[in-house]
Amino acid sequence: MKNVSLTDTVFVFVHGAWHGSGQWAATQRALAGLGAASVAVDLPGHGFDAPLPTGYLLPGQPGLLTERSRLASLTMDDCAETVQSVLRQVRHHRTVVLVAHSAGGGPASLAAERAPELVDRIVYLSAFVPGGRPRFYDYLGSPENATALGKDLNLGDPEALGAVRINPLSPDPAYLAELRETHYHDTPLDRFDRWRSALSPDLPLAIATTPVTLTAARWGGIPRTFLRCAEDRALAPSAQDLMIAEADRAFPGNPFTVRTLPGSHSPFAARPRELAAALTTSPGTEMPAGW
């Protein structure tokens, strides 16, 4: 972001699996303090619009393992169009920075591929980059991601459910411990319950399984940054590095700028001011004093 006035910049945030626009709030407040505008997107079926399985809030959570998700028919196209719609709304800003987290990298990448004129830079925060392999599952199942946690969080049969389902309200202490260790291990324990209660249980299966095809003439021409999470237990650093390397090989004319952040997969929860600072400084630039 060097030599760009933050007052002329807007950041557009795309959340990852089971999250929503609200998880970016602390980062957005920090950005506002630095003079930058921002808007956070709710992908279809997320945030306050997320439908819940009928037994999710009932004692015993009946049907949670088998009830088909009401998000099963959502497509990657639906999600990308939602991102594009927000990008069109903010294009009057001089600089538009699209920021994607985790599974949000798929819809964000497709939106940028379809409308590169709407994006001045795209930032992947430990996010799926389909530059080398077209599906998020291709990287989640790679040997480089073998050390990642969270494999026991998924419930039921995703194909039958039409979604990757988790249970943020589980009464099982072991399940909750794995959820925290996977996504929020450096978020204070006394705040973890509040963060998990804001998650929705279903990720539309299409977000993880639909191939996203990128081209050099469109997505490949957008300057891009990857913010690595050094202690990520949901998407291993070696898997993050694999995505970066494969995208750079596929699109050698415009390689990633790479920065490394300390901590977990969810810096918007554990250290939002540091995340805001990383988004607004150039590679190699020191964080602003006091951050």
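## Close-up views of two helices and a core

**View 1. Helix α9 spans the length expected of a helix with its residue count.** At 1.5 Å a residue, the 14 residues of α9 (residues 237–250) should span 20 Å, and the end C-alpha atoms are 20 Å apart, so the two values agree. The model shown here is predicted.

**View 2. Helix α9 packs against one other helix and two strands through its buried residues.** These buried residues are Ala-239, Gln-240, Leu-242, Met-243, Ile-244, Glu-246, Ala-247 and Asp-248. Their packing partners are α4 (136–140), β7 (224–229) and β8 (257–261).

**View 3. Helix α2 has its buried residues on the same side.** The helix runs over residues 76–90, 15 residues in total. From first C-alpha to last, α2 reaches 22 Å, close to the 21 Å expected at 1.5 Å a residue. Which residues of α2 are buried? They are Met-76, Cys-79, Ala-80, Val-83, Gln-84, Val-86, Leu-87 and Val-90. They lie on the same side of α2 because they cover an arc of only 160° around the axis. They pack against strands β1 (9–14), β2 (37–41) and β3 (95–101). They also pack against helices α3 (105–114) and α8 (205–209).

**View 4. The largest nonpolar core holds 82 residues.** Leu-87, Leu-98 and Trp-219 have the most contacts inside this core. Helix α2 gives the most to the core, with seven residues.

**View 5. Leu-98 and residues it touches.** Leaving aside residues up to four places away in sequence, Leu-98 touches Val-12, Val-14, Val-83, Leu-87, Ala-108, Ala-112, Val-119, Arg-121, Ile-122 and Val-123. Two of these, Val-83 and Leu-87, are among the buried residues of α2.

How values were computed: Residues numbered from 1 in each chain as written. Predicted model: local features only at pLDDT ≥ 70, side-chain atom pairs only at ≥ 80, totals over all residues. Heavy atoms only, no water. Helix = DSSP H or I, 4+ residues; strand = E, 2+ residues; numbered from the N terminus. Expected span 1.5 Å × (residues − 1). Buried < 20%, exposed > 50% of the residue type's maximum accessible area, 1.4 Å probe, protein only. Arc of directions from axis to C-beta. Contact = heavy atoms within 4.5 Å. Core = buried A, V, L, I, M, F, W, Y, C linked by side-chain atoms within 4.5 Å.
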